[in-house]
Structure formats: structure tokens, C-alpha cells
Amino acid sequence: MEVGYSRLVTISTDNMLLTNEYRDGVGAHWTFLSDPGRKVQKDLDIAEYTDPEHDPMIPHVIVLEPGLVIFKIYNGYWFFGRPTIEELRQDLRAVLKKCRPDWDISTPELKAGWERVNMIAFIPMAKPTGRCFGSKSKRR
């Protein structure tokens, strides 16, 4: 799922078959990764210690900036620890504002550039999305 150049990824400790069954069952259209070896769980030290029999991960939502820099972490173990859609929207807005040169097109510099027909600062009219998200491709 991509909206506004952002992506959603789910990481499961189930095997690939169970992960895909869950994804299909909930009708998800974004990427699901399977980590039955619990490498992510161990690397991030997010094992749920209250259930040693099943050894699940404590659910987290991690908002990343370009370059995979952590912007914010939500611990979703309890319902109220999970981010709301509005919180995620605000987080993604703050992240995008940092890297979009055309965030505020009312600045005198951008207006002058537009009048000079200098489109390089205007996304998506030029290629700066790669600059924002670390892509080396020249997608338009």
C-alpha cells in the first residue's frame, strides 16, 4: 500500500504459509514479511515475555524517515498504545515536511523559480522524490 510516497509493511513471526493466509484473510494489500526465526524480535528485543510458549513479538508501529531513520515508535501491546490514523497522518506529515522542498509553495524562492520556469524544486514535476526517499532512480 502506497499513499503519498509512504509504505506499510507487516512483519509476522509465523511461517510464510500462515503469514499469507492471515494476509489474505484480512484482505491486506500491503507487504507482509515472514520472520519465523524471530530475527527482528531478537534484534529489537521485543519478545513478549508473558507468553514463553508461543514466543510472540510485542506489536509495534515504527514510523521511519527517509534512510530508515526512526521518527517515532508506538508500543501496541495494549489497544491505547497503538497509533490512531490521525496520529500516523500527523507523523507522516511531519516526516514529509522535512524532505519536500515544495512543502510550502508560497515562499518567495519557489514562486520566483516557478516564474523562471525552473521546475526542479516542484514535486512531482521533477525528480526530487528520490532525494526525499533515497532513491537513485529517476522516476517521475
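Confidence first. This is a predicted model, and the mean pLDDT over the chain is 83. A score of at least 70 is reached by 80% of the residues. The weak stretch I want to flag is residues 136-140, where pLDDT stays under 50. For that segment the model has four contacts beyond four places in sequence. Where pLDDT is low, the predicted coordinates should not be read in detail, so I will leave that segment there.

Now the overall layout. The chain has 140 residues, with five helices and six strands. In sequence order the elements run β-β-β-α-β-α-β-β-α-α-α. So much for the order; next, burial and contacts. Of the residues, 24% count as buried. Among contacts with a separation of 6 or more, 25% join residues 24 or more positions apart. The accessible surface of the chain is about 10500 Å², and carbon and sulfur atoms contribute 60% of that surface.

Next, two buried aspartates. Start with D35, which sits in the loop that links β4, residues 31-34, to α2, residues 39-44. What is the nearest side chain of opposite charge to D35? It is R38, at 7.7 Å. A salt bridge would need a side-chain nitrogen within 4 Å of a carboxyl oxygen, and D35 has no salt bridge although it is buried. Leaving aside residues up to four places away in sequence, D35 touches I11, S12, T13 and D14, along with V40 and Q41. Another acidic residue, D14, is therefore among the contacts of D35.

The second one is D91, in helix α3, which spans residues 85-99. Is D91 buried or exposed? Its relative accessible area is 4%, so D91 is buried. Beyond four places in sequence, D91 touches V63, F71, K72 and Y74. Take V63 from that list: V63 and D91 are 28 residues apart along the chain, and their C-alpha atoms are separated by 7.3 Å. For orientation, V63 falls within β5, residues 60-65, while F71, K72 and Y74 fall within β6, residues 69-75.

Those two strands also bring us to the surface. A nonpolar patch there is formed by L44, I62, L64, L68, I70 and I73. Together these residues have about 570 Å² of accessible area. Which strands each supply at least two residues of the patch? They are β5 and β6. One of the patch members, I73, lies in strand β6. I73 has a relative accessibility of 48% and therefore counts as partly exposed, since the cut-off for exposed is over 50%.

Another patch member, L68, is in the loop between β5 and β6. At 69% relative accessibility, L68 is on the exposed side of that cut-off. L68 also has a backbone feature to look at: its phi is near 60°, a positive value in a residue other than glycine.

L68 has a counterpart in that respect. Where is D55? D55 lies in the loop between α2 and β5. The phi of D55 is near 50°, again positive and again in a residue other than glycine. D55 has a relative accessible area of 28%, so D55 is partly exposed.

To recap the residues worth opening on screen: D35, buried without a salt bridge; D91, buried in the model at 4%; and L68, exposed and part of the nonpolar patch.

Conventions
Residues numbered from 1 in each chain as written. Heavy atoms only, no water. Helix = DSSP H or I, 4+ residues; strand = E, 2+ residues; numbered from the N terminus. Buried < 20%, exposed > 50% of the residue type's maximum accessible area, 1.4 Å probe, protein only. Contact = heavy atoms within 4.5 Å. Areas by Shrake-Rupley, 256 points an atom, 1.4 Å probe, with all protein chains shown as cover. pLDDT = per-residue confidence, 0-100. Patch = residues over 30% accessible without salt bridge, like charges linked within 9 Å, V, L, I, M, F, W, Y side chains within 5 Å.
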